[in-house]
Structures are given as C-alpha cells and as structure tokens.
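Subject: Structure handover

Hello,

Here is the structure we talked about. Please open it and keep it beside this email as you read.

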Amino acid sequence: MTAKFLFDVDGVLCDRGQPVNDQFRWWLEDFLIDKEYYLVTGSPRNKTMGQIGERLTMGSKIGFHCLGNSIWTESGYEVVVNQFTFSVDELDFLKNQYEQVMFGRKQDWVDAIEERPGSMNLSFVERGVSVEIRQGFVDFDNLYQARINMVNQIKEFYPRFDCYLGGDCSIDIVLRGANKGQIFNWDFDPEDQYYFFGDRCDTHGIDQPLYDAINNLPGDNGVHHIKEGYKETWEILKSLKTE
C-alpha cells in the first residue's frame with residue numbers, strides 16, 4: 001500500500017489569491033521530497049507555478065489542473081480532456097446573469113470569462129486585484145449569494161454543465177462530470193492510502209466531488225477540509241510527520 005498526497009492549491013498550500021509563504025514552501029519541499037504527491041487544482045499550470053513555485057509544481061507525480069482537465073504527466077506532457085465552447089445562447093445567458101450582479105467593482109464582462117483547458121473560469125473581480133477589493137466581494141457574496149445563485153441557474157437551464165465555487169471570487173464551469181473526482185479514472189489503486197487537502201469541500205465547492213470520492217474508498221484515508229489556509233495544512237502535515 002502506497003501513501004499518496006493530493007493537494008488543492010489556492011486556499012490550501014497558500015491563502016486564497018496569495019502566493020505561497022516562503023517558510024512554508026521551504027518546509028513543504030523538504031517534507032515531500034520522498035513522498036508521492038499530486039496537485040489537483042482549478043487553475044492552469046502556469047498560474048499554479050506562479051503561486052507555489054516551480055519546484056513544488058514540477059515535483060508532483062501528476063498535475064491535475066483545471067479540475068483534472070489539463071493533465072501534466074511525469075514526462076512533462078499535457079493531456080487535455082473535455083474541451084468545450086459555449087454556444088451563442090449559453091454565452092448570452094451567462095452575460096445576462098453576470099450583469100445582474102450588483103457588486104460595484106465587478107470585472108468587465110469582456111475580461112470576466114477566462115477559457116482554460118477543459119474549463120471556463122468566470123471571475124467577478126479583476127484578476128490580481130488587492131486583498132481589500134477581494135474581501136469586498138467576499139462580503140458582498142456572503143450577503144447576496146451571487147455565485148451560488150449563478151451556479152444554480154446555469155445547472156438548471158444548461159444541464160450539460162457542472163459549476164463550482166472556485167477561490168473567493170469566481171466560478172468554474174465544466175462539462176457534466178468533468179470535475180476533480182474524475183482523476184480516479186487515471187489508474188489510481190483504491191487500496192492505496194490517500195491524504196487529501198481541499199478547502200472547497202462543501203456543497204457547490206470545487207473540491208467536493210474529490211472529497212466524496214475519497215471518502216467512499218476503502219481503508220483509512222485522511223480527508224482534510226481546510227478552512228484556515230496554509231497554516232492549517234502545515235499543522236496537519238507536521239502531525240503526520242511525527243506519526
């Protein structure tokens with residue numbers, strides 16, 4: 001039986017929307033040097049590398065980016081699955097729903113949609129904005145549930161899609177079933193031991209399908225719903241190191 005570590009990135013190995021803490025990065029690089037680990041994130045590989053650095057990104061056995069639709073193999077090749085485009089009707093619907101959100105510092109529609117391999121990311125604030133603006137949207141979204149409302153609308157009217165909350169300020173749209181749970185189509189042994197770290201493990205969360213998939217596996221697996229960012233991940237990993 002092999003122990004495998006599966007990590008979401010944003011909100012788990014770094015605080016949401018922020019680069020990795022240097023001290024944690026140095027510690028984590030040392031901790032993982034003799035371990036088999038995988039990145040399972042909503043972001044494309046270049047953004048992941050910019051957030052946690054080249055060594056952690058390249059050191060993963062496989063990088064499952066864009067909800068597992070951009071797969072970077074050990075040999076350094078990308079395999080893209082579940083690619084799609086929106087129809088004119090779908091795009092008009094998204095734009096109409098998006099423009100009804102009354103957050104004052106919302107991203108312009110022309111820049112809001114980011115096409116990624118096998119997924120589309122719809123951001124409600126400009127990418128790379130200040131912590132204060134991001135927090136302003138978080139407060140707005142907690143009050144008005146703008147993202148959850150949009151997720152429900154998309155899934156109701158266009159059932160070919162699944163939608164998930166990604167980070168604090170965006171939603172990720174994929175074809176139905178093309179979510180993080182699909183990584184177990186990639187020759188994982190269900191008898192191995194899995195340690196999974198994700199921050200969006202609840203309803204509508206980007207990590208929820210993988211969280212459920214691992215919970216349904218046999219054996220004593222470690223599934224961790226991270227709520228306090230990288231410091232919580234760090235404390236859990238330290239406890240594993242002493243076992």
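How many cavities of 30 Å³ or more does the structure hold? It holds one. Keep in mind that this is a predicted model.

The cavity

The largest cavity has a volume of about 30 Å³. Its lining is made by Phe 86, Glu 90, Phe 93, Leu 94, Ile 154, Tyr 158 and Phe 161. Six of these residues are nonpolar, one is charged and none is polar. Helix 4, residues 88–99, gives the most to this lining, with three residues.

The pockets

Next, the pockets. The largest pocket holds about 520 Å³ of space. Its lining counts 31 residues. Look for Asp 10, Gly 17, Ser 43, Lys 47 and Arg 134, which lie nearest the centre of the largest pocket. By class, the lining of this pocket has 13 charged, 13 polar and five nonpolar residues. Four elements each supply at least two lining residues: helix 2 (45–52), strand 6 (113–116), strand 7 (119–123) and strand 9 (170–175). Helix 2 gives the most, with three residues.

The second largest pocket has a volume of about 250 Å³. It is lined by 14 residues. Closest to its centre are Asp 15, Arg 16, Arg 134, Gln 135 and Asp 168. Seven residues of the lining of the second largest pocket are charged, four are polar and three are nonpolar.

The seven-stranded sheet

Now the sheets. One is an open sheet of seven strands. Its order is 5-4-3-2-1-10-11, and the pairing is mixed. Why is one side of strand 5 and of strand 11 left without a neighbour in the sheet? Strand 5 (78–80) and strand 11 (222–225) stand at the edges, and each has a single partner strand, so one side of each has no neighbour there. From one strand to the next, the twist averages 15°.

Zoom in on one edge. Strand 4, residues 70–72, pairs with strand 5 in the antiparallel sense, over three bridges. One pair to find is Trp 72 and its bridge partner in strand 5, Glu 78.

The four-stranded sheet

Another open sheet has four strands, in the order 6-7-9-8. Its pairing is antiparallel. Strand 6 and strand 8 (161–166) are the edge strands, and each pairs on one side only. Here the twist averages 25° from one strand to the next. Strand 8 and strand 9 run antiparallel and are joined by six bridges. Asp 162 has Val 174, in strand 9, as its bridge partner.

The helices

Helix 7 lies across strand 7, strand 8 and strand 9. It runs at about 170° to strand 8.

How do helix 6 and helix 7 cross, and at roughly what angle? The axes of helix 6 (residues 131–144) and helix 7 (residues 146–157) come within 6 Å and cross at roughly 60°. That angle makes helix 6 oblique to helix 7. From helix 6, the residues in this contact are Phe 137, Phe 140, Asp 141 and Tyr 144. They meet Ala 146, Arg 147 and Asn 149 in helix 7. By class, the contact has four nonpolar, two charged and one polar residues.

Start with the cavity, then work outwards through the pockets, sheets and helices.

Best wishes

Definitions and conventions. Residues numbered from 1 in each chain as written. Predicted model: local features only at pLDDT ≥ 70, side-chain atom pairs only at ≥ 80, totals over all residues. Heavy atoms only, no water. Pairing = 2+ DSSP bridges. Axes fitted to C-alpha atoms, helices over the stretch in contact; angles between N-to-C directions. 1 Å grid on protein atoms, 1.4 Å probe; cavity = no way out; pocket = protein on both sides within 12 Å on 5 of 7 lines; lining within 4 Å. Points joined across faces, edges and corners; volume = space filled by probe spheres on them. Nonpolar A, V, L, I, M, F, W, Y, C, P; charged D, E, K, R; others polar. Parallel < 35°, antiparallel > 145°, perpendicular 65-115°, else oblique. Contact = heavy atoms within 4.5 Å.
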